[in-house]
Amino acid sequence: IRSDVEQYARLRLASAVLQRAVERYRAQHQGPVLARASRLFAELTLGSFDGLRADYNDQGEAVLVGLRPNQQVVGIEGMSDGTRDQLYLALRLASLEKSLAEREPLPFIVDDILIMFDDARAAAALRALADLAQKTQVVFFTHHRHVVELAESGLPAAARRIHILDRCVIPAVVSREEPIR
């Protein structure tokens, strides 16, 4: 029994040390992206969520959770489809911003990503895309006229260019005249 207890103690200690190392790595490498995604998520959800946090589920696996203004934790499974889409967009934009800071810009092309967003959250997403367009070319495709109207009413004319192609409506949030190479 004594050797089993010693083995158990060594394994528990090793597990704790490993978990701390993982947290340190996560803080150094994922921290900036998670912090930016957290701010974007709060903006995209219009304050319904204060942000995001890395957490652990009952099985000890790392998971991402949303934080309500009252600090209530909401797992991804507890979010609506639209809120999950806003979470995905926040993570994608934060990752892309980090990449743009380290590499040559590439165009960001999206197709009807606002389908599950209500108008207010869609307008917030269009503003976030317009902000991104200050760093790289953003092309946004949609066939929903109300999204075009949101872009027209919510974005400055310099931050958008709308093209209509054969009954397909395509608002393009752009920031530069020249193509990105």
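This report describes the helices, strands and selected residues of a predicted protein model.

## Overall composition

The protein contains five helices and seven strands. Read from the N terminus, its elements follow the order α-α-β-β-β-α-β-α-β-α-β-β. The protein has 181 residues, of which buried residues make up 37%. Among contacts between residues at least 6 apart in sequence, 56% join residues at least 24 apart.

## The packing of helix 2

Helix 2 covers residues 31-44, and its axis comes within 8 Å of the axis of helix 3, which covers residues 81-102. The two axes cross at roughly 140°. An angle over 145 degrees would count as roughly antiparallel; helix 2 and helix 3 are therefore described as oblique to each other. Their crossing is right-handed. On the side of helix 2, the contact is made by Val33, Arg36, Ala37, Leu40, Phe41 and Leu44. Helix 3 contributes a list of residues including Thr83, Gln86, Leu87, Ala90, Leu91, Ala94 and Lys98. Sorted by class, the residues in this contact are eleven nonpolar, three polar and three charged.

Helix 2 also packs against helix 4, which spans residues 119-132. Here the axes are 8 Å apart and the angle is about 140°, and this pair is therefore oblique as well. The contact involves Leu40, Glu43 and Leu44 of helix 2, together with Arg121, Ala124, Ala125 and Ala128 of helix 4. By class, it has five nonpolar, no polar and two charged residues. Leu40 and Leu44 of helix 2 thus appear in the contact with helix 3 and in the contact with helix 4.

The following table sets out the two helix pairs.

| Helix pair | Angle | Axes | Residues in contact, by class |
|---|---|---|---|
| Helix 2 and helix 3 | roughly 140° | within 8 Å | eleven nonpolar, three polar, three charged |
| Helix 2 and helix 4 | about 140° | 8 Å apart | five nonpolar, no polar, two charged |

Helix 2 is further related to two strands: it lies across strand 1 and strand 2, and runs at about 130° to strand 1.

## The three-stranded sheet

Strands of a sheet pair through backbone hydrogen bonds, either parallel or antiparallel. In this model, three strands form an open sheet in the order 1-2-3, with antiparallel pairing. Its edge strands are strand 1 (51-56) and strand 3 (73-75), each of which pairs on one side only. On average, neighbouring strands of the sheet are turned by 45° against each other, direction ignored.

Strand 1 is joined to strand 2, residues 62-67, by six bridges in the antiparallel sense. Within this region, Leu52 stands opposite Gly66 of strand 2.

The loop between strand 2 and strand 3 holds Gln71. Its relative accessibility is 47%, and Gln71 therefore counts as partly exposed. Although Gln71 and Asp50 are 21 residues apart in sequence, their C-alpha atoms are 7.9 Å apart in space.

## Strand 4 and strand 5

A parallel pairing is found further along the chain, where four bridges join strand 4 to strand 5, residues 138-141. Strand 4 consists of residues 108-111 and has two unlike faces: Phe108 and Val110 form the covered face, while Ile109 and Asp111 form the uncovered one. Phe108, on the covered face, has Val138 of strand 5 as its bridge partner.

Note on methods. Residues numbered from 1 in each chain as written. Predicted model: local features only at pLDDT ≥ 70, side-chain atom pairs only at ≥ 80, totals over all residues. Heavy atoms only, no water. Axes fitted to C-alpha atoms, helices over the stretch in contact; angles between N-to-C directions. Parallel < 35°, antiparallel > 145°, perpendicular 65-115°, else oblique. Left-handed = near helix turned anticlockwise from the far one by under 90°. Contact = heavy atoms within 4.5 Å. Nonpolar A, V, L, I, M, F, W, Y, C, P; charged D, E, K, R; others polar. Pairing = 2+ DSSP bridges. Buried < 20%, exposed > 50% of the residue type's maximum accessible area, 1.4 Å probe, protein only.
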